[in-house]
Amino acid sequence: MQKTLSYGMGSLCLLFCGCFWLYWIIHNTYMSSKSTARNTIKGVVHINGETSIGRIDDDFVCATLDWWPPEKCDYGRCSWGRASILNLDLNNVILLNAMKAFSPLKIRLGGTLQNKVIYETEGNGQQCNSFVKNNSELFGFSQGCLSMSRWDELNLFFKKTGAVVVFGLNELSGKTIDNPSAAVGAWNSSDTESLIRYSVRKGYTIHGWELGNELSGNGIGTKVSADQYASDIDSLQNIVQKIYAGFEVKPLVIAPGGFFDANWLSEFIKKTPKSLQVVTLHIYSLGPGVSDHLIDNILDPSSLDSVSHTFSSLQSILKSSGTRAVAWVGEAGGAHNSGHNHVTNAFVFSFWYLDQLGMASSFDTKTYCRQSLIGGNYGLLNTSSFAPNPDYYSALLWHRLMGNKVLSTNFSGTKKIRAYAHCSKKIQGITLLLINLDGSTTVQVYISTENDTSISTSTSQQSQNPRTKFATMSPGSKIGNGTREEYHLTAKDRNLHSQTVLLNGQILTVDSSGAIPSLDPINVNQSDPATVAPFSVVFVQIPYSNLSACS
């Protein structure tokens, strides 16, 4: 009897426990599905196709090579290795292929130490020595030298890779550092003139000569007044006109390569109406590389938006001055003092970087130079292995997909989606960039355009908002009927600190021969919304969208 009762109780227990676990599974499955549903939202990107709001250069994407030697250290970490203009391995196959993939990549040679560089040219009696660490010296290093043999090697490399070259010149040559930290006196241009003459004699093509680095406004280390800087730019323009006399296309004269200072820039631009072709700005909006809040700021829409005031103000100054000079971002690493390992060289930084490209474009900025191509903790390429970091692929996709004409774009649905649109590059249509800063929400994005006669509308979406035209885009000739192309970038294992990026679920990596992988899209039905996964970037290429701005 006791044994029978024991079996009975056991059966009841099993029955009860089984029912409990079945309820628990069903309940949690239901709650999970509800949670998933709550974490998928809809939004609309509005694109005004009547007219463009800006126009970028074909080679808008630009990267820098710096002068920093291996002894350059920040916060006890030395991240530059052999990535200097003076010691970079120019025969590295990955480096060659990485640059050739852009066809062309604009390269800016410069940085803090350019103001301490002399050139080993004819008539220069000084010894051509490398930079030596010396904390008592301005910028913490002795004077350095560019030998003409190295200049020859660099130009051969640029010819091989098809690079568009901008070279930063020493603005402090001939000046005296006065107290309090001001550099006074006229620019001694003799060294520069010898370098330019040598370059012309050798047949080297230089797209632009940029005078000085971070000496405008309050300067870094020291500063030059706007009045003196304008006089120095006039001198550089005279040299360029004289040496390149008879050339149909002459190099650009570029300055000041510094941080935004409205009063200084207004005076400088006003005094260089004919001698200056490009105004260069530096962007390090995230603060020091040692900061613990870098990722918080990268993922904060208001933090990203704060830089728009700088672009807007510079645009206003240029318009009101009457100058023909245009705006470039001449150097941008996000976080100064060499960036932050596993942040500014990791997947998460593509959010900041691509948002910067989109924002700068929308304020008619013609070129955007990323600090750096290689070197520090913010290189597009790994300093040691030369392997592309995630931002390299982000830059390459932008370069290949986003055309010259910039379209007014805004997004409604969540502040965590950043949206930018351009007319497509080399094909008819538009390319849309979508960035999802939210790590838990998938966003289904519908596309609304104005002044597009080639698209039909989705009536179910239109009924929700009569003023919105939801695009079911016309097909392109290269893809199947009724489809568009999409490129989805995500981090490996959804780890924002990862230096491995996936394109449409496939890891991007160079092969054993150092070849850059192909960047292949997926085809998506034209009537479907663009699905932007949490913490992801999507380029959407919509062919044959007939917008007035793109015709």
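## Ring pairs and salt bridges

Lys 366 and Asp 364 join their side chains in a salt bridge, with 2.9 Å from N to O. The model is predicted. It holds 18 salt bridges and 22 aromatic pairs. The points below take the charged contacts, then the rings, then the contacts between the two.

**Salt bridges**

- Lys 366 is buried, with a relative accessible area of 13%. Its partner Asp 364 is partly exposed, at 27%. The cut-off for buried is under 20%, so Lys 366 falls in that class, whereas Asp 364 does not.
- Shared partners in salt bridges connect Asp 57, Asp 59 and Lys 106 into one network.
- Lys 271 and Glu 267 form a salt bridge through their side chains, at 3.0 Å from N to O. Lys 271 is partly exposed, with a relative accessible area of 35%. Glu 267 is also partly exposed, with a value of 34%.
- Glu 171 and Lys 175 form a salt bridge in which the closest N and O atoms are 3.8 Å apart. Both Glu 171 and Lys 175 are buried.

**Aromatic pairs**

- A ring pair is described by the distance of the centres and the angle of the planes.
- Among the 22 aromatic pairs is the edge-to-face pair of Trp 151 and Tyr 204, with 6.4 Å centre to centre and 90° between the planes.
- Trp 151 belongs to helix 3 (residues 148–161), and Tyr 204 to the loop between helix 4 (190–202) and strand 9 (208–211), so this pair ties together parts 53 residues apart in sequence.
- Trp 151 and Tyr 204 are both buried.
- Phe 311 and Phe 363 are stacked, because their ring centres lie 6.3 Å apart and their planes meet at 15°.
- This stacked pair links distant parts of the chain, 52 residues apart. Phe 311 sits in helix 9 (residues 308–321). Phe 363 sits in the loop between helix 10 (349–362) and strand 15 (367–370).
- Phe 311 and Phe 363 are both buried.
- A cluster is linked by ring pairs: Trp 67, Tyr 119, Phe 131, Trp 151, Phe 167, Tyr 204 and Trp 209.

**Charges over rings**

- Lys 72 places its charged end over the ring of Trp 68, 4.3 Å from the ring's centre.
- Arg 370 lies over the face of Tyr 353, with 4.7 Å to the ring centre.

Definitions and conventions. Residues numbered from 1 in each chain as written. Predicted model: local features only at pLDDT ≥ 70, side-chain atom pairs only at ≥ 80, totals over all residues. Heavy atoms only, no water. Phe/Tyr/Trp six-rings, centres within 6.5 Å; stacked < 30°, edge-to-face > 60°. Helix = DSSP H or I, 4+ residues; strand = E, 2+ residues; numbered from the N terminus. Buried < 20%, exposed > 50% of the residue type's maximum accessible area, 1.4 Å probe, protein only. Lys NZ or Arg CZ within 6 Å of the ring centre and 35° of its normal. Salt bridge = Lys/Arg side-chain N within 4 Å of Asp/Glu carboxyl O.
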